[in-house]
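I opened a new page for this structure and set out to look up its empty spaces first, then one helix and a few single residues. My notes follow in the order I took them.

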Amino acid sequence: MNFDELAQMVVKGDHLGAITWTEAAIADDVDPMLVINNGLVAGMDEIGKRWKAGEIHIPEVLVAARAMKASMALVRPLVLAAGTELRGKVVIGTVQGDLHDIGKNLVAMMLEGAGFEVFDLGTDVAPAAFIKAVEEEKPDLLAMSALLTTTVPMMQETLNQLKDAELRQTVRVMIGGAPVSDGLAKQFGADGYAADGATAVEVAGQLI
Ligand code: B1M
């Protein structure tokens with residue numbers, strides 16, 4: 001199989017092509033991790049570079065992510081059944097009081113495309129829900145998004161509650177979103193900050 005073909009389908013957002021390609025690969029017993037790493041991650045890497053360079057915009061990223069997800073949905077059960085190690089487990093969500101999820105979804109999709117296992121808790125996630133997910137899923141990374149200046153303090157609150165539950169040492173924490181900064185991440189005691197999806201993939205890779 002030519003993995004570059006799949007990578008290009010992701011880049012172009014050709015989700016039907018990606019499904020057909022992946023079904024053929026599965027029928028040919030191609031290693032699903034090769035499909036992820038050489039096809040999907042390669043495609044999303046390219047999207048990340050183009051996004052960072054300002055060559056593409058949100059619609060292109062979203063259609064690429066849709067193609068990546070369509071293929072990933074087919075290979076993921078095979079990877080999980082084979083017990084193959086993914087790059088790490090990430091629990092992600094938008095903090096309590098905040099319903100913005102477009103950026104968070106982009107970050108989640110790019111992390112998934114880069115080979116991380118992602119548990120998305122959605123929006124308006126209370127500190128207690130983040131903590132429950134850390135207890136139950138035992139992720140390597142907890143990723144919190146906020147888009148409102150009024151909800152940014154919920155990141156600090158979640159970190160405080162994580163400490164109180166004696167779980168802070170068990171998980172790395174990355175935060176992001178338009179009103180968030182590296183300085184705030186340091187102030188809150190988070191381990192990392194990312195300004196966009198491509199950087200989030202880089203930071204997650206460094207933290208895990
Ligand atoms: Co809202 N909203 N909104 N809104 N909204 C903003 C954020 C705002 C800046 C608009 C404005 O006034 N200029 C403003 C916030 C002001 C502030 O607090 N500083 C605002 C407001 C005030 C509100 C309401 C309060 C409006 C009202 O009802 N009076 C309300 C709040 C609702 C709530 O959450 N409780 C509200 C509601 C909404 C909609 C529901 C209508 C809709 C959200 C739909 C949805 O998400 N499903 C919406 C939208 C769409 C926006 C804008 C227009 C666009 C946000 C967006 O999706 N950007 C926004 C103005 C703007 O940004 N121009 C605005 C695209 C997205 C790809 O970028 O989310 O920044 P972004 O994500 C980036 C990075 O930030 C980063 O990577 C992403 C990809 O590059 N990133 C992370 C994000 N999370 C990350 C996590 C990471 C790492 C990186 O690691 C964990």
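Entry 1, the largest pocket. The model is predicted, and I began with where the lining of its largest pocket comes from. α4 (58-82), α5 (102-113), β3 (141-145), β4 (172-176) and α9 (197-207) each give at least two residues to that lining. I noted that α5 has the largest share, with 6 residues. The lining has 24 residues in total, and Gly-103, Lys-104, Val-107, Ala-195 and Asp-196 lie nearest the centre of the pocket. I wrote down a volume of about 410 Å³ for this pocket. Sorted by class, the lining holds 17 nonpolar, 5 polar and 2 charged residues. I also looked up the domains: domain 1 (3-82) and domain 2 (89-207) each contribute at least three residues to the lining.

Entry 2, the second largest pocket. I found about 170 Å³ for the volume here. The residues that line this pocket are Met-44, Asp-45, Gly-48, Lys-49, Lys-52, Met-110, Gly-113, Ala-114, Ala-198, Val-201 and Glu-202. Two or more of the lining residues come from each of α3 (32-52), α5 and α9. The largest share belongs to α3, which supplies 5 residues. I counted the classes as 5 nonpolar, 2 polar and 4 charged. Domain 1 (3-82) and domain 2 (89-207) each give at least three residues to this lining as well.

Entry 3, the cavity. I asked how many cavities of 30 Å³ or more the structure holds. The answer is 1. I put its volume down as about 70 Å³. The lining consists of Ile-36, Met-72, Arg-76, Val-79, Leu-80, Leu-86, Glu-112, Gly-115, Phe-116, Glu-117 and Val-118. At least two of these lining residues come from α4, and at least two from β2 (117-120). With 4 residues, α4 has the largest share. By class I have 7 nonpolar, 1 polar and 3 charged residues in the lining. Why do I place the largest cavity between domain 1 (3-82) and domain 2 (89-207)? Both domains give residues to its lining, so the cavity lies between them.

Entry 4, Glu-117. I picked this residue from the cavity lining. Glu-117 sits in strand β2. I asked whether Glu-117 is buried or exposed. Its relative accessible area is 16%, so Glu-117 is buried, the cut-off being under 20%. I then looked at Arg-87, which is 30 residues from Glu-117 along the chain; the two C-alpha atoms are separated by 7.3 Å.

Entry 5, helix α4. I went back to this helix, which has 25 residues. From its first C-alpha to its last, α4 reaches 34 Å, close to the 36 Å expected at 1.5 Å a residue. I found a kink of about 35 degrees at Ala-73, shortly before the proline Pro-77. I listed the buried residues of α4 as Val-61, Ala-64, Ala-65, Ala-67, Met-68, Ala-70, Ser-71, Met-72, Val-75 and Val-79. Among them, Met-72 and Val-79 also appear in the lining of the largest cavity.

Entry 6, Ala-67. I chose one residue of helix α4 for a separate check. Ala-67 has 0% relative accessibility and therefore counts as buried. Leu-40 is 27 residues from Ala-67 along the chain, and I have 8.8 Å between their C-alpha atoms.

Entry 7, positive phi. I made this check because most residues other than glycine have a negative phi. Lys-138 is not a glycine, yet its phi is positive, near 45 degrees. I located Lys-138 in the loop between α6 (127-137) and β3. At 64% relative accessibility, Lys-138 counts as exposed. Glu-166 also has a positive phi, about 60 degrees, without being a glycine. Its place is the loop between α7 (153-164) and β4. I looked up the relative accessible area of Glu-166 and found 70%, so Glu-166 is exposed, the cut-off being over 50%.

Note on methods
Residues are numbered from 1 along each chain as its sequence is written. This is a predicted model: local features need pLDDT of at least 70, side-chain atom pairs count only at pLDDT 80 or more; totals for chains, interfaces and linings use all residues. Side-chain values use heavy atoms; hydrogens and water are left out. On a 1 Å grid over the protein atoms alone, a cavity is a set of points where a 1.4 Å probe fits but cannot get out, and a pocket is an open set with protein on both sides within 12 Å along at least five of seven lines; lining residues have an atom within 4 Å of a point. Grid points are joined across faces, edges and corners, and a volume is the space filled by probe spheres set on the points. Ala, Val, Leu, Ile, Met, Phe, Trp, Tyr, Cys and Pro count as nonpolar, Asp, Glu, Lys and Arg as charged, and the others, Gly among them, as polar. Domain bounds come from an automatic or database domain assignment. The expected span of a helix is 1.5 Å times one less than its number of residues. The bend at a residue is the angle between axes fitted to the seven residues ending there and the seven starting there. Buried means under 20% relative accessible area, exposed over 50%, partly exposed in between (1.4 Å probe, protein chains only).
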